[in-house]
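Here are a few short exercises to work through with the model open. Try each task before you read its solution.

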Amino acid sequence: MAEIRESKAAVQTSEAQIAVHWREEEYFYPSSKFVGQANLSDPGVNERFSENNFPECFREYADMLSWDKYWHTTLDTNDPPFWKWFVGGKLNASYNCIDRHLEKYKNKAALIFVPEPEQEATVAVTYQELYVRVNEMAALLREFAGLKAGDRVTIHMPMIPELPITMLACARLGVIHSVVFGGFSGEACGRRIADSGSRILITADSYYRSGKMIDHKANAQIALDIAKQEGQPVDKVLVWRRYRGQYGSKAPMIEGRDYFVDDELLKFSGRIIEPVSMDAEAPLFLMYTSGSTGKPKGCQHRTGGYLAYVTGTSKYLQDIHPTDVYWCMADIGWITGHSYIVYGPLALAATTVLYEGVPTFPDAGRVWRIAERLNVNIFHTSPTAIRQLRKAGPDEPAKYKYHFKHMTTVGEPIEPEVWRWYHDVVGKGEAVIVDTWWQTETGGFLCTTKPAIDPMKPGSAGPGAPGIYPTVFDENNEDVKAGSGKAGNICIRNPWPGIMQTIWGDRDRFVDQYYRKYCKDSKSKEWHDWPYFAADGAVLAADGYLRILGRVDDVINVAGHRLGTKEIESACLTLPEIAEAAVVPVVDDIKGRIPEVYVSLVPGIQPSQEIADKVTKTIETIIGKIARPRKVHIVPDMPKTRSGKLMRRVLAAISNNLSTGDITTLANPDIVESVREMVQGKESVVVKDGPDDLKQFGGVE
Ligand code: PRX
């Protein structure tokens with residue numbers, strides 16, 4: 001066991017024991033109108049999903065699906081921590097999201113697409129139309145692209161209806177989709193193609209963002225070059241067009257490799273493809289996310305458990321009914337979009353809205369106009385978007401006649417003050433709010449209030465979701481007592497159906513990353529011995545509500561999106577001028593955190609603005625604009641420990657005007673003062689205390 005705790009992957013967070021003094025916020029209660037119509041208002045759910053009834057409690061979610069064959073074992077723990085759910089069961093995800101709704105809902109909108117240009121009409125895709133389009137695309141994928149169950153396909157697309165159509169067509173065939181966020185660069189896409197072993201890339205020509213037409217197809221060539229360099233050739237590039245028959249990219253179409261999907265689809269018009277009955281444990285998709293090494297991890301999600309979990313949580317915690325119009329503003333290229341734009345809402349026969357562009361385009365009223373026009377009644381977004389909308393137009397929501405019954409915040413901690421604006425102004429004091437804490441790895445919500453049962457508390461995610469038993473551990477594997485005010489590492493004590501199966505192609509990394517740190521006995525086949533380590537700091541209040549503090553590893557959460565510091569640092573190091581690079585998070589009013597870069601140069605190279613600009617450009621090319629640093633500081637040397645370890649924590653303190661703490665044990669303490677002066681100027685004001693994730697950032701010596 002001692003060995004396990006000392007594993008390389010273990011993140012040291014002894015500073016997590018520092019007391020944090022939050023003001024306890026008061027409770028807000030759901031209206032009786034909301035409770036009266038809610039899917040889940042029976043407090044008996046707590047008993048039904050209690051540990052006494054685990055794991056069978058999750059039948060309740062799986063029974064919301066249509067199975068081709070019912071499972072024989074709810075949870076198989078024979079190969080920990082590779083849990084298996086609903087073993088022996090067979091089902092198809094696209095059947096569950098489309099076919100089974102046709103009888104009752106075929107003429108109801110499944111998707112409503114809202115183009116960014118406001119003069120362009122919205123497009124409603126009914127369940128019948130979705131059925132036809134998914135079938136035709138499935139036929140194309142099988143017969144033209146030669147894909148079959150178990151193959152991987154990379155999808156690099158913006159927010160257009162053809163993205164969920166393509167995903168569902170893959171699911172119909174049992175093909176594992178790997179959607180790469182449209183805003184990621186061609187290089188980032190190429191590395192994900194290579195890691196997943198995809199021979200087909202599905203992309204789009206162009207899309208609108210902030211009023212500009214973005215040439216997206218241009219990324220494909222870069223992606224293919226990188227994939228090839230990494231040993232993965234791609235046979236075909238399938239290109240959707242934003243406007244049928246009209247090519248909106250300057251990139252050439254390569255004969256024999258690139259094909260327009262709309263042209264090819266004509267050959268498959270009206271084709272119906274039987275959904276392939278998949279094992280519950282067959283992978284449904286991969287979703288790459290950043291971790292503490294430079295290489296993104298392909299989180300592999302299973303068909304049965306994942307679909308059951310997102311359906312159950314969409315029904316009970318998002319309160320989605322088939323009559324609701326539900327709008328989640330995330331991008332489908334992130335896990336939130338997969339779980340809570342596509343799979344969860346569609347499995348419940350809801351109407352789900354897809355918006356192409358940015359929330360504040362052309363002005364701060366856009367989001368509220370969309371909500372009013374489409375009569376959206378469930379709204380789901382992130383603290384960054386809420387802060388942005390509040391800044392751009394704090395009084396805008398009141399001008400529009402929409403009414404939300406339910407709202408979600410997800411992706412980052414929300415400040416109580418921002419929460420209150422969301423509640424009072426966006427929600428008009430009527431909507432219930434859930435603050436849902438979870439991760440790419442976890443498939444669905446882990447901590448949240450049950451909207452018709454638990455009161456809300458601004459800034460707190462709430463207790464564990466039904467059947468989720470969270471705890472906060474200190475470094476000695478002891479529970480941090482509820483109400484002690486001490487922070488620790490949030491862990492989930494039990495498996496649940498939405499948890500990823502593994503990291504694609506890397507079982508060891510899966511165990512190291514999430515289970516080694518708190519595993520009680522590596523020989524045990526008992527799930528109690530394998531808590532899931534989430535790599536977030538948290539405080540557990542006396543009422544059992546969790547307040548999430550942020551990452552305790554080398555991950556920066558920018559606007560609710562995860563970026564690995566190592567990924568950004570590796571990008572800097574591709575420049576021949578750069579000797580060393582360190583990336584730290586800086587607090588930002590809107591985005592939560594933004595990366596800031598420190599580099600030192602190889603001998604003989606003089607610092608210049610040109611080099612700093614080159615660093616920024618390189619990061620944008622290798623990762624994407626989302627990782628653009630606030631500043632690039634060229635420093636003479638990096639603060640280091642005597643063993644040569646780069647002290648990111650000291651640099652993070654400097655960038656955030658925090659105290660650098662004790663630096664006397666460094667190998668080069670003098671450098672700290674010169675770097676501080678460079679960054680802050682001679683007369684800097686140092687704040688004493690800062691956010692917890694910054695104190696912990698980069699580990700502790
Ligand atoms: O730090 C936590 C933060 O986002 C991380 C997960 O990011 P990702 O895998 O991209 O998934 C985002 C969508 C679920 C977590 O480790 N996070 C997520 N939700 C919350 C949050 N932090 C505070 N409050 C939340 N509600």
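The expected span of a helix is 1.5 Å times one less than its number of residues. Helices (H or I, at least four residues) and strands (E, at least two) are DSSP runs, numbered from the N terminus. This is a predicted model, so to speak of local features we need pLDDT of at least 70, side-chain atom pairs count only at pLDDT 80 or more, and totals for chains, interfaces and linings use all residues. Residues are numbered from 1 along each chain as its sequence is written, and side-chain values use heavy atoms, with hydrogens and water left out.

**Exercise 1. Check the span and the burial of helix H8 (residues 162-173).**

Step 1: H8 has 12 residues, for which 16 Å is expected. From first C-alpha to last, the helix reaches 17 Å, close to that value.

Step 2: now the burial. Buried means under 20% relative accessible area, exposed over 50%, partly exposed in between (1.4 Å probe, protein chains only). In H8, 12 of the 12 residues are buried, including Glu162, Cys170 and Arg172.

Step 3: look just past the end. Gly174 follows H8, and its phi is positive, near 80°.

**Exercise 2. Work out which strands pair with S19 (residues 406-410), and how S19 is covered.**

Step 1: two strands pair if DSSP finds at least two bridges between them. S18 (residues 378-381) runs parallel to S19, with four bridges joining them; here Phe379 stands opposite Met407.

Step 2: S20 (residues 432-436) also pairs with S19 in the parallel sense, over five bridges. Val432 in S20 is the bridge partner of His406.

Step 3: trace the connections. A crossover is right-handed if, with the strands pointing away from the viewer, the path from the first strand over the helix to the second runs clockwise. S18, helix H15 (residues 383-392) and S19 make a right-handed β-α-β unit, and S19, helix H16 (residues 416-426) and S20 make one too.

Step 4: in a regular strand the side chains alternate between the two faces of the sheet. In S19, His406, Thr408 and Val410 are on one side and Met407 and Thr409 on the other, and all are buried.

**Exercise 3. Why does Cys328 form no bond with its closest cysteine, Cys97?**

Step 1: a disulfide is a pair of cysteine sulfur atoms within 2.5 Å.

Step 2: the Cys328 sulfur lies 15 Å from the one in Cys97, so it's too far for a bond.

Step 3: zoom out, and the whole structure turns up zero disulfides.

Step 4: for the surroundings, Cys328 is buried at 1% relative accessibility, and Cys572 is buried at 0%.
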